[in-house]
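Biologist: Could you take a close look at one part of this model for me? I'd like to hear about the place where the ligand sits.

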Amino acid sequence: MHGTQTIGKNGHLYIGGSDAVRLAEKFGTPLYVYDTALIKQKIRLFQEAFSRHSALNWQIAYASKAFSTLAMIQLAGDFGLSLDVVSGGELYTALKAGFPPERIHFHGNNKSADELARALDAKIGTVIVDNFSELSMLEQMCAARGQKIEILLRITPGVEAHTHEFIMTGHDDTKFGFNLDNGMAERAVFLALHSEHLILKGLHCHIGSQIFETEGFIRAIRALFSHMNEWEHHMHFRMKVLNVGGGFGIKYTSKDHPLPIGRFIDVIADTIEDECARHSLCIPEVWIEPGRSIVGEAGTTLYTLGSSKTIPGIREFISIDGGMTDNIRPALYQANYEAICANRADEPAEKKVTIAGKCCETGDVLIKDAFVPESCKMGDILAVFCTGAYGYSMASHYNRLPNPAVVFVEDGEASIVVRRETYEDLIRNDVPLRTFSSRQ
Ligand code: LLP
C-alpha cells in the first residue's frame, strides 16, 4: 500500500479517504485513481532535498510524458515545478493548462518545424537541442523571426544505467543527444556558441529510467566535467545550467528497494560541487526531470473482475475489463505489479492467479502471479498499485477499447480530471466511405 491508502472498517481499500469500491461504482472501471496528497509529498521531498544544499540553485522539471493532463500540469505548476515536454501535444496541454511558458523545457529527438514554431510563439523558456539538424533548424527559425531562445544541449555521456534495455538512453548507441566521446558534443557546443540566436545555457544528460543506484549519475556528471576545462579554455564555454535528467526508481512491488529521493539529490549535488571545486569552475544551476518518481506510486488502477479459466495443474486466469490498452508496461517491459481485491482488502490473499487483460493478444497479461482471497469472484474490484506513470500516457485503443477515466482523490473528495471515452469518441475522426456504390 502506498501514500494515503488504508483498509476501512467495511474491508474496502480507501485511497485519499475515498472508498475504492464506491469510486469504481460511481466512475466505472477501468479507472485510474491518483492520490494527489502523495504526488505533493513526492514533490516536497525533491524540494526539501535541494533546499538542504544552500549553495545550489535548482529547478525541478516534471517530465510530463509520465502523465500529462490539464489537471496534473496545473498541480505541477501550483507547486512551483518546471515542466519537461517532448512533443507538440504535451506542449499544447501545458499551455492550455496555463503553465508559465518560461518554465517549460522542450525535449525530443525529432522536433518538427511546426512544433518548434509553437514553442517559439509561446516564448517557452528552454529548448533542449538533441542533434545537429535541430541546431541548424532552430537557428534558422530564430533568425527568420528575429527571436532568441535559450538552449541546453542534450549530451550522451556514454553511461548506462542498470535498468531495462529498452529504456536505457545514456549509452553510446542511442538516437538521443550528442555523443561525448566521439567529438559530437564538442562540435555542438562550438556551433551553439557561434550562433547569433541560440543562447547556450548549459548541458543536459539523461542516463535511463527506474534507476536504483547513484553510480550512473556520478559517472555521467564526471564524464561531462572532464571536458569542461578544455571547453572553457578553448571555446569560453561557461556551463550555467546542468540538467541531469530523471530516472529515479520507485517501488512497484515489495521486491523493489528504491533509494530515498534525498539520497539521489545529495549525490548529484555533492558530485557537481566536488567537480566544480576540482576544476575551479562556478557551480551551475542544477536541473532534474523526474516523471515516474512524482506520479508513479500515486496511481492505482481499478478494474472489475470478469471471467476466469482454470487449467488444472497449470494456472487460473482471471480476466479484467482492461489490460494492455491501459497499461502496456507488463507486455512491453515485463514490468511487475501488485494488486489487491479492493472489496476484500481485509481478507487473506492466498490464492495464486494470473490476471489477464481483455485484449485479443496472448501477451495481454497484467500480473503473472497475483494473490487474491479464496472468495474472490466475478464483479469484484481489483486495485493494481503503482500505475501512475506511463499507464494513462501510453494507453492505446487496441481492440477499440475506450480510454478509462482519471480521478484525483484527496481528503475524501474525488474529482474527475479526464472523462471516460465513449464509443462515439472512438469513431470521432473516422471518415466513412460516402456511398454504398463506391465500395463495390
Ligand atoms: N528526462 C528525459 C530526457 C527522459 O527521456 C525521461 C524519460 C525522463 C526525463 C523521465 O524519466 P522518469 O523519471 O520518468 O524515469 N515508458 C517507459 C519509460 C520511458 C522513459 C523515457 N524517458 C516506462 O514505462 O518505464
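Biologist: To start, which residue has a backbone N or O atom 2.8 Å from an oxygen atom of the ligand?

Modeller: That's R292: one of its backbone N or O atoms lies 2.8 Å from a ligand oxygen. Keep in mind that this is a predicted model. Side chains join in as well. Y390 puts a polar side-chain atom 2.6 Å from an oxygen atom of the ligand, while an N or O atom in the side chain of E289 is 2.7 Å from a ligand nitrogen. As for how well the ligand is covered, it would expose 580 Å² taken alone, and the protein buries 92% of that.

Now the wider shell. There are 19 residues around the ligand. E289 and Y390 turn up again among the closest, along with S209, R329 and Y333. Sorted by class, the shell is a mix: six nonpolar residues, seven polar ones and six charged ones.

Where does this put the ligand in the chain as a whole? The domain assignment splits the protein chain into domain 1, made of 6-35 + 298-426, and domain 2, covering 52-290. The ligand lies between the two, because both domains give residues to its shell. Measuring over C-alpha atoms isn't needed to see that, but for the record the centres of domain 1 and domain 2 are 34 Å apart. The domains also touch each other directly, with 18 residues of domain 1 in contact with 16 residues of domain 2.

One last thing you may want for the bench: the cysteines. Searching the whole structure turns up zero disulfides. Take C359: the closest cysteine sulfur, in C360, is 8.5 Å from its own sulfur, so that pair is too far apart for a bond. C359 counts as buried at 8% relative accessibility, and C142 is buried too, with a relative accessible area of 0%.

Notes: Residues numbered from 1 in each chain as written. Predicted model: local features only at pLDDT ≥ 70, side-chain atom pairs only at ≥ 80, totals over all residues. Heavy atoms only, no water. Disulfide = S-S within 2.5 Å. Buried < 20%, exposed > 50% of the residue type's maximum accessible area, 1.4 Å probe, protein only. Near = heavy atom within 4 Å. Polar contact = N/O pair within 3.5 Å; in protein donor to acceptor, adjacent residues only side chain to side chain. Areas by Shrake-Rupley, 256 points an atom, 1.4 Å probe, with all protein chains shown as cover. Nonpolar A, V, L, I, M, F, W, Y, C, P; charged D, E, K, R; others polar. Domains from an automatic or database assignment. Contact = heavy atoms within 4.5 Å.
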